[in-house]
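Reader: I would like a close, careful look at one part of this model, the place where one chain meets its neighbour, together with what lies behind that contact. Please take it in connected steps.

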Amino acid sequence: MSVILRKTIPSIVIGVLAVWMIVEYFTTVKFFTDIGTIFRNFAVIIAAFAVALGGLSSLRFHTQTIIKRKAGSWEFSAVLVAAIVVMTVTGLMGWLDNPIFSYLWNQVTVPSQQTIYSLLMFYVAAAAYRAMRASNLQAAIFMFTAIVIMLMNGPFTQALIPGITDLGNWILTVPQTGASRAYLIACNIGIVALFIRVILGRETGIIGASKEG
Amino acid sequence: MAEEKKNWMNSINARQVIFAAVFIVTIVPILFPLNLPLVISKTTIQYYDTVQKLKSGNTVIFVWNQGTAQFGEMGPPGIAQLQQLMDIPGVKVVVISTGAESPGLFESNLWPAIDPKGKEYGKDWVNLGYIPGGETAIAALATDTWSLVKVDWKGTPISQLPVMEGFKSGADIALIVGNQPSSGEEWQRQFQNKFKTPIVWACVSAGYTTALMFVNSGQLSGILNSLRGGAELELLIKKPGRGVSAMDAMSNLHLLVLATIVASNIIYFKNRGGKKK
Amino acid sequence: MNPNWSLIVPVLLTIGIYTLLVKETKIYRFIEHLFVGTTMGYTLVVAIRTINTTGVAQVAAGNYFYLLAFVLGILIFARFFGTTYSWLNRYPVSVLVGSAIGVTFRGLPEQTFISQLRATFLPLIGAADPMTSFNNIVIFVSFFFSLLYFSYTITNRPGRLGKIPNIGRYFLMLYFGALYGNVIIQRAAMFIPRIQFLILDFLRL
């Protein structure tokens with residue numbers, strides 16, 4: 001009974017929903033479309049709840065860190081929890097019309113997130129110095145292509161090196177397209193195989209069920 | 001004294017030099033812009049022409065799906081895209097986000113930079129906000145929009161928004177204009193497969209190689225290559241902004257990376273030649 | 001120089017984050033926790049608003065059976081109920097996974113396989129002009145050998161037959177090189193706006 005509730009029924013739900021969506025696509029029978037619409041609307045509402053899961057998990061973890069007074073981290077966790085609480089309360093009281101929420105969004109969140117990701121430029125430049133070596137023909141092709149694509153994107157380098165734009169465009173639209181198509185098709189064959197396994201209930205890890213249940 | 005100088009020099013490593021160089025080569029062209037002419041790429045021209053073919057009364061979906069991290073890169077193209085749609089008289093725009101951070105960015109960072117050219121909210125454009133569920137939500141929108149969407153992002157019932165009369169399913173959409181990190185494959189599967197809806201897209205540079213495949217096969221009618229594509233579109237719609245002003249620094253950074261690669265290879269081959277001896 | 005002092009907070013946050021380039025400091029950790037907290041708080045607000053616009057609006061429109069979706073939505077948080085009941089979250093997850101697989105699977109063959117194969121199998125001889133024929137041949141050859149590279153049963157054959165798929169690796173290196181070049185462009189495009197913010201928006205130079 002326990003295995004039926006924990007594993008079998010969720011697997012059946014996945015299979016039924018997936019097959020219904022597929023059959024619906026190939027029929028014009030209104031019954032299939034109406035039920036399919038209800039299933040999709042259910043999924044959208046459940047997904048709305050799932051959006052809160054990350055925030056609540058983070059809140060739970062850091063609250064526990066504060067309670068346990070973990071040395072060296074509880075103070076930072078207190079900052080995080082305070083930020084979550086202030087942001088949530090002020091956001092529910094007017095969204096971006098609330099001055100505190102608007103300030104924390106525009107002056108703290110957006111610039112900080114952008115800056116964190118901008119650090120990647122430094123690491124990519126350092127990585128190019130350490131890793132981009134033409135040690136064999138394949139590495140040389142890799143390096144040459146990367147250089148051509150980079151140079152064709154800047155107006156100064158485009159003007160400096162005649163023909164770089166045409167060469168770069170040819171590489172992108174001809175040999176690169178063939179290779180990337182093959183890569184896409186190979187990946188999607190794997191995805192289709194995985195989908196079939198999930199629909200047939202052979203892959204329960206996707207819902208968090210192990211072999212034992 | 002000489003020992004102290006030697007120790008100081010030894011403590012500087014290549015990484016720190018590269019980091020400092022990244023700052024310098026970016027700051028200089030922003031302070032002293034060269035304003036070099038920009039060659040507009042074929043895919044951007046395709047994008048622009050496809051959007052310009054829209055007629056009065058057409059309903060367009062503007063997919064705004066960027067996070068705060070990518071806003072610096074994709075904000076300028078997004079502003080140019082939405083401005084082009086607002087510039088065309090009579091075109092109705094439905095803004096949809098499929099990422100949680102997108103509605104906040106739209107309201108506080110994107111929309112304030114737009115000149116609506118007299119277009120009224122509710123009558124000519126609407127913001128449906130964030131619709132969770134990824135491709136399932138897109139499929140729901142394509143099949144029966146009014147079944148899924150009951151209110152807009154502000155909570156106004158869509159029955160009170162005249163613009164939504166023109167969007168009951170995917171068949172009513174004349175064009176999908178997207179701004180998203182990936183190349184919009186889920187919109188191709190749910191809208192284009194069934195309704196043959198043309199799609200134009202702006203994606204991050206890392207997704208450009210994949211997106212080109214879809215341009216080549218005709219599934220995308222035009223693509224903007226992140227900040228560079230945004231700069232090109234800014235020039236085409238005659239509203240140069242942050243995209244155009246970033247291009248000089250872009251060239252410099254690429255030259256810096258090229259210099260590090262060349263330096264790295266010189267050292268590598270020199271050491272390899274030394275080892276062989 | 002007439003700095004825009006109203007932007008001093010984001011400027012200090014930006015500089016504080018850039019201290020990571022030297023080493024991880026307490027300032028950086030403080031800023032990191034601060035913006036992660038504000039982002040999480042924002043996400044919670046969006047989640048509540050979205051539950052309102054998608055779920056509550058459905059019920060308010062008279063579709064009362066969508067209350068079942070609310071029950072399933074709450075079960076998503078079953079992991080917080082302890083290990084005895086955490087398996088209950090499999091029900092809403094199975095609804096999400098089942099719908100997603102179904103809608104993706106039905107569109108995948110046409111969007112990926114048919115359209116892309118149609119665009120690959122083009123006239124190799126007698127196209128509009130010699131350059132187009134040449135390009136079509138290169139696309140086909142590149143596609144064929146790259147796809148062959150992923151056929152692991154051929155790669156494992158002994159002798160020369162097993163070496164044929166390796167030709168595909170050269171074309172894939174071309175693809176990955178183009179991808180890497182675009183990644184560098186993306187990182188540059190993420191970095192330049194921050195410097196524009198510091199110089200043009202804050203310092204107003």
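**From the interface to the sheet behind it**

Author: Chain C is divided into domain 1 (1–62), domain 2 (65–120) and domain 3 (124–205), and this division is a convenient place to begin, with the reminder that the model is a predicted one. Taken over C-alpha atoms, the centres of domain 1 of chain C and domain 2 of chain C are separated by 28 Å.

Consider how chain C meets chain B. In this interface, 41 residues of chain C are in contact with 45 residues of chain B. On the side of chain C that touches chain B, the elements giving two or more residues are helix H2 (26–60), helix H4 (90–120) and helix H7 (166–202) of chain C, and of these H7(C) supplies the largest share, 19 residues. Sorted by class, this side of chain C, the one that touches chain B, holds 25 nonpolar, 13 polar and three charged residues.

Chain C also touches chain A, and that contact is worth setting alongside the other. Here 91 residues of chain C are in contact with 95 residues of chain A. At least two residues of the side of chain C that touches chain A come from each of helix H1 (8–18), H2, helix H3 (67–75), H4, helix H5 (130–149) and H7 of chain C, and the most come from H2(C), which gives 24 residues. By class, the side of chain C that touches chain A has 60 nonpolar, 25 polar and six charged residues. One residue on the chain A side can be followed individually: Leu92(A) lies in helix H3 (residues 74–92) of chain A, and it is partly exposed, with 15 other C-beta atoms within 10 Å. Once its neighbours within four places in sequence are left aside, Leu92(A) is in contact with Val45(C) and Ile48(C).

Back at chain B, one pair of helices deserves the closest look. Two packed helices are described by the angle between their axes and the distance between the axes. For helix H8 (residues 185–195) of chain B and H4(C), the angle is about 85° and the axes are 9 Å apart, and the two helices are therefore roughly perpendicular to each other. The residues that meet are Glu185(B), Gln188(B), Arg189(B), Gln190(B) and Asn193(B) from H8(B), and Val103(C), Thr104(C), Gly107(C), Leu108(C), Glu110(C) and Gln111(C) from H4(C). Counted by class, this contact of H8(B) with H4(C) has two nonpolar, six polar and three charged residues.

What does chain B place behind that helix? The secondary structure of chain B comes to 12 helices and six strands, and its C-alpha atoms fill a box of roughly 80 × 40 × 35 Å along the principal axes. Of the 277 residues in chain B, 55% are buried, and among contacts in chain B between residues at least 6 apart in sequence, 72% join residues at least 24 apart. The six strands form an open sheet with parallel pairing, in the order E3-E2-E1-E4-E5-E6 (chain B). Its edges are strand E3 (125–130) and strand E6 (223–225) of chain B, each of which pairs on one side only, while the twist averages 15° from one strand to the next. H8(B) packs on this sheet, touching E1, E4 and E5 of chain B, and its direction makes about 175° with that of E4(B).

Two of the strand pairings can be given in detail. Strand E1 (residues 59–64) and strand E2 (residues 92–97) of chain B pair in the parallel sense over five bridges, and Ile61(B) has Val94(B) in E2(B) as its bridge partner. Strand E4 (residues 173–179) of chain B and E5(B) also pair in the parallel sense, over four bridges, with Asn179(B) opposite Ala202(B) in E5(B).

Strand E5 (residues 199–203) of chain B has five of its five residues buried, so it is largely enclosed by the rest of the structure. From E5(B), Ile199(B), Trp201(B) and Cys203(B) point one way, Val200(B) and Ala202(B) point the other way, and all are buried. Later in chain B, helix H9 (residues 208–216) is mostly covered, with eight of its nine residues buried; among them are Tyr208(B), Leu212(B), Phe214(B) and Asn216(B). H9(B) is followed by Gly218(B), which has a positive phi, near 90°.

Methods:
Residues numbered from 1 in each chain as written. Chains lettered and ligands numbered in written order. Predicted model: local features only at pLDDT ≥ 70, side-chain atom pairs only at ≥ 80, totals over all residues. Contact = placed C-beta atoms within 7 Å. Nonpolar A, V, L, I, M, F, W, Y, C, P; charged D, E, K, R; others polar. Domains from an automatic or database assignment. Buried ≥ 20, exposed ≤ 12 C-beta atoms within 10 Å, placed from the backbone. Axes fitted to C-alpha atoms, helices over the stretch in contact; angles between N-to-C directions. Parallel < 35°, antiparallel > 145°, perpendicular 65-115°, else oblique. Pairing = 2+ DSSP bridges.
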